[in-house]
Amino acid sequence: MARSWLHIDPSSDFSLANIPFGIISTPDDPSPHVGIAIGTYVLDLKVLADGIGGWRILPYGAQSTNPKVFEQPTLNAFAQFGRSVHRHVREIIQDLLSENTTQPHLLKNNAELREKALVPQQRVQMHLPMAVGDYTDFYAGYHHAYAVGVMFRGPQNALQPNYTHLPVGYHGRASSIVVSGTPVRRPVGQILLDPKADPKQPTVAPSRRLDIELELGCFITKSNPLGQPVSIDEAEEHVFGYVLLNDWSARDIQTWEYVPLGPFNGKNFATTISPWVVLADALEPFRAKGIENPTPVQGYLKEKREETVYDIQLEVDLTTPEGNTTTVTKTSGKNLMWSFPQMIAHHTLGGCPLRPGDLLGSGTISGPVPEQSGSLLELSEGGKREIQLNGGNETRTFLKDGDTVTLRGFCVGKEGERVGFGECTGRVEG
């Protein structure tokens, strides 16, 4: 990968090898539109296209179909162009920002356009990158599924019989998906103050066991017609890109309500995603093998390659209202048993149509040891163990009002070729 003429710190998530897309607004243009992250800057693609001509960025077919795609308030229209167009645009931008660009007159040596198009990130407002029509949350993190199963059913029945046969999922709530930085209000619901009482008597109260879930999110780029499943070999072409995802969970509300139809109010109050969509092509160098499935899978789930997930280093910080920050977990995106192409193939098996902007969640990603857990439920052993925080004698089992949770994810390649997601942050409000 070439170096950029723009100074980029080697530790930046947004290297020339990345080029993630997002929706921005700036002091000069408050209307949401498309930009990309590069180093500590945002390259405003609306300004760039106006300055050099959109035809220099988009291939002819896409340019004639939607010449104002970078002026749109979501990435849905750009996503619909498909993987080949995303790849073309990413390569054009990489060339424009490269030290040895083939067209230095367009941006590198164009001081007036550089001043307008390159905006420091601290001056940019980020918005939800996609208009999300539907959201499905899966349960592909094997270690999380097993640990929680042991907690509630014991080691002999930790996993349901279907777990290794299909990617388990449920339909989430798209209307409560929010962009990083949006405050999260503690939900109110029915909870059991005494779970051992007989008969059970719930009360309505704010959740006392508010938790996080460390996940990856996958955005869909194109639709499949109603009644036509997506084959496993075609599923990759339906992936636009990836984000970090925190599927906030009220464990006490969830415990009382989830039988027999699954999560509802305990999960539908907020799901936070990172603002920058990392294209699938940017993650290609970091492919890895996931957790081996001991069960032979059905033909529609069999993938041709072994490296079906990504070696993304994941971590979670918890910051108290007093400002003390503790990294409570570190794990890897390799800890998935099911891949996103398998999720797509299974989701559409019965003919369900996916649409551009639909979001799939991986499920909580935990490692094989307790300190690599992707939820406080696991880290605190169901609330039985206090999690020690930095800065004194403060501890947590679940989240308190004023706590801020920050997810980070990044892939480390050669020096200067780090591919990261930035931050996925939310603060709990009472």
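The following exchange concerns salt bridges, burial and the largest pocket in a predicted model.

Biologist: Why is the contact between Asp-13 and Arg-418 called a salt bridge?

Modeller: The N to O distance between the two side chains is 2.9 Å. A salt bridge needs a side-chain nitrogen of Lys or Arg within 4 Å of a carboxyl oxygen of Asp or Glu, so the pair qualifies.

Biologist: What makes this pair a tie between parts that are apart in sequence?

Modeller: Asp-13 sits in the segment before β1, and Arg-418 in the loop between β25 and β26, so the parts they tie together are 405 residues apart in sequence.

Biologist: Why does Asp-13 count as buried?

Modeller: Its relative accessibility is 14%. Buried means under 20%, so Asp-13 meets the criterion.

Biologist: How do you know that Lys-304 forms a salt bridge with Asp-233?

Modeller: Their closest N and O atoms are 3.8 Å apart, and the cut-off is within 4 Å, so the pair is counted. This pair also links distant parts of the chain, 71 residues apart: Lys-304 lies in the loop between β18 and β19, Asp-233 in the loop between β13 and β14.

Biologist: Are Lys-304 and Asp-233 buried or exposed, and on what grounds?

Modeller: Exposed means over 50%. Lys-304 has 75% relative accessibility, so it counts as exposed. Asp-233 has 51%, so it counts as exposed too.

Biologist: What classes do Glu-284 and Arg-287 fall into, and why?

Modeller: These two residues form a salt bridge, with the closest N and O atoms 3.1 Å apart. Glu-284 has a relative accessible area of 29%, between the 20% and 50% limits, so it is partly exposed. Arg-287 has 14%, under 20%, so it is buried.

Biologist: How many salt bridges does the structure hold?

Modeller: The total is 23.

Biologist: Why is helix α9 described as largely enclosed by the rest of the structure?

Modeller: Six of its eight residues are buried, so the description follows. The buried ones are Phe-340, Pro-341, Gln-342, Met-343, Ile-344 and Ala-345. Their cover includes β6, β13, β14 and β22.

Biologist: Which helix gives the most to the lining of the largest pocket?

Modeller: Helix α6 does, with six residues. The lining has 29 residues, and Tyr-139, Arg-153, Gln-254, Tyr-258 and Pro-263 lie nearest the centre. By class, 14 of the lining residues are nonpolar, 10 polar and five charged. The volume of this pocket is about 800 Å³.

Conventions. Residues are numbered from 1 along each chain as its sequence is written. This is a predicted model: local features need pLDDT of at least 70, side-chain atom pairs count only at pLDDT 80 or more; totals for chains, interfaces and linings use all residues. Side-chain values use heavy atoms; hydrogens and water are left out. On a 1 Å grid over the protein atoms alone, a cavity is a set of points where a 1.4 Å probe fits but cannot get out, and a pocket is an open set with protein on both sides within 12 Å along at least five of seven lines; lining residues have an atom within 4 Å of a point. Grid points are joined across faces, edges and corners, and a volume is the space filled by probe spheres set on the points. Helices (H or I, at least four residues) and strands (E, at least two) are DSSP runs, numbered from the N terminus. Ala, Val, Leu, Ile, Met, Phe, Trp, Tyr, Cys and Pro count as nonpolar, Asp, Glu, Lys and Arg as charged, and the others, Gly among them, as polar. Buried means under 20% relative accessible area, exposed over 50%, partly exposed in between (1.4 Å probe, protein chains only). Contact means heavy atoms within 4.5 Å.
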